[in-house]
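Colleague: I've got this model open and would like a close look at one part of it. Could you walk me through a single helix and what lies around it?

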Amino acid sequence: MIFKNSPYRTRIIRRKRCRTLVADLMKEVRLTTVSECNICGSKSKTILSNEDRYGIPVRTAMCDQCGLVYLLDRPGRDGYETIYAKYYRPLVSAYWGRKVDNKHLVQHQAGFTDKLLRMFDGILDLQNAGTLLDIGGSTGMIAHKLASTYGLEATVLDPSDEELAVARQKGLKTVCGFIEDYQTSDTFDLILFLQTIDHVYDLKATLGHISQLLKEDGYFVIDTVNLPSVIADNTGVDQFFKIDHCYYFTPQFARAVLEASGFEIVSSDIASWPGHEMFICRKKGPFQAEKTHVDTDMARFRFIEMVEHQFYLETTAKDKIIGMLARLKRKLLR
Ligand SMILES: [Zn+2]
C-alpha cells in the first residue's frame, strides 16, 4: 500500500511523464534569477523549494520582509510566451496523465460557475446593466453565465487565442494578450481575476492596473490558492510550485496585498473550492506597497515551520521506500 499511496512515488511517476518536455523546455527557455521582492523590494528571502512539480530546477522563495511567496528563477516575458504556446498544456496533461484540453476546461469552468453565483448571492449588487472584464477568462464559460445573469456586457482577456475562439462563439468580446499589456480607456463594473493572479509576471503593476480598470463603485473578484492549506495536505511541498506560477499566497499575505493595493475586502469564501480563498473587493484607495506587511512575523514563521515539517515527512516516506527495497533485495538474494 505504501507504494500506491506515497506522494514520493507519485512524484517520481509524474516527473517521468514530464521528463522529455522538461528537457526540451530547458534547451529553449533561458532562466534568470529575480533579485528582489516584487511588492516590498526586499532582497532578503527564505528558499522554500529547489524545483517545481514538473522537475524544472526553478527555486521558490518567501520574502523575509512582507511574506510574498515568489518564483526566484524564472523565464523572461518571451520565455513565458514560448512556454504558454508550446509547453503549458502538454506539461499539465503529462503531469496528470490525462489530456487537459478545451473540452476539459469548459467542463471545469461550468461546475465552478454555479458555485460563483452562489457566492455572489446577496453580496453583489449589480442591478443596472454594466460591463464585465474576465481576466484570464479562457473559454468564456464563466463570463457568459455572469453576463446573462446580471445583464452585463462581457470582455474576455486571455493569452490563448485557441481558448478565446470558444468565447467568441458565445458572442463575447475577446482580447488576446496579458493583463499587463492591456491598454483601454474602458472601465468595468465587475472584474474577475480567477485562477490567474499566480500567473502574472509583475504582481504590483497588475494590481495597480486592475485598480485603474475598475469603476469607483465596481466589484473586483479574485481567488488565490491557500498555500499553507494545500501544503498541509501532505502530498509533497514542491508539488504546488510550478514554473508558470510566479506568485503564491498565504491568506494573511493575500489580504495584506489586496488592502495595500487599494481594495476593501467585503466578503471572502473558503467553502466553494477546497484549497482556494475567494475575495470580493471594492475600491478603496491607491496602491500603498509599504502597507503590505503581514500582521506579525509569526505568520511567516509558522508557514516556514510547516514547509520544514513537510520536507521531514517526505524524507521519511523516501526512507521507507528505500528500506522496503533493501529488505526485498535481501530476501531475493537469500
Ligand atoms: Zn516583500
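Modeller: Here is a walk through one helix, with some context from the rest of the chain. Keep in mind that this is a predicted model. The chain has 10 helices and 13 strands, and 40% of its 334 residues are buried. Among contacts with a separation of 6 or more, 68% join residues 24 or more positions apart.

Let's zoom in on α5, which runs over residues 141-150. This helix is mostly covered, with 7 of its 10 residues buried. Going along α5, the buried ones are Met141, Ile142, Ala143, His144, Leu146, Ala147 and Tyr150. After α5 comes Gly151, and its phi is positive, near 65°.

Now take Ile142 and look across to Phe112, which sits in helix α4 (residues 102-120). Phe112 and Ile142 are 30 residues apart in sequence, and their C-alpha atoms are 8.0 Å apart in space. Ile142 is buried, but Phe112 is partly exposed, because it has 19 other C-beta atoms within 10 Å and a buried residue needs 20 or more.

For the wider setting, turn to the largest nonpolar core, which has 85 residues. The members that touch the most others in that core are Leu68, Val69, Leu132, Ile191, Phe193, Phe220 and Tyr247. Take Phe193 as a sample: leaving out residues up to four places away in sequence, Phe193 touches Ile135, Gly136, Ile210, Phe220, Val221 and Ile222.

Notes. Residues numbered from 1 in each chain as written. Predicted model: local features only at pLDDT ≥ 70, side-chain atom pairs only at ≥ 80, totals over all residues. Helix = DSSP H or I, 4+ residues; strand = E, 2+ residues; numbered from the N terminus. Buried ≥ 20, exposed ≤ 12 C-beta atoms within 10 Å, placed from the backbone. Contact = placed C-beta atoms within 7 Å. Core = buried A, V, L, I, M, F, W, Y, C linked by C-beta atoms within 7 Å.
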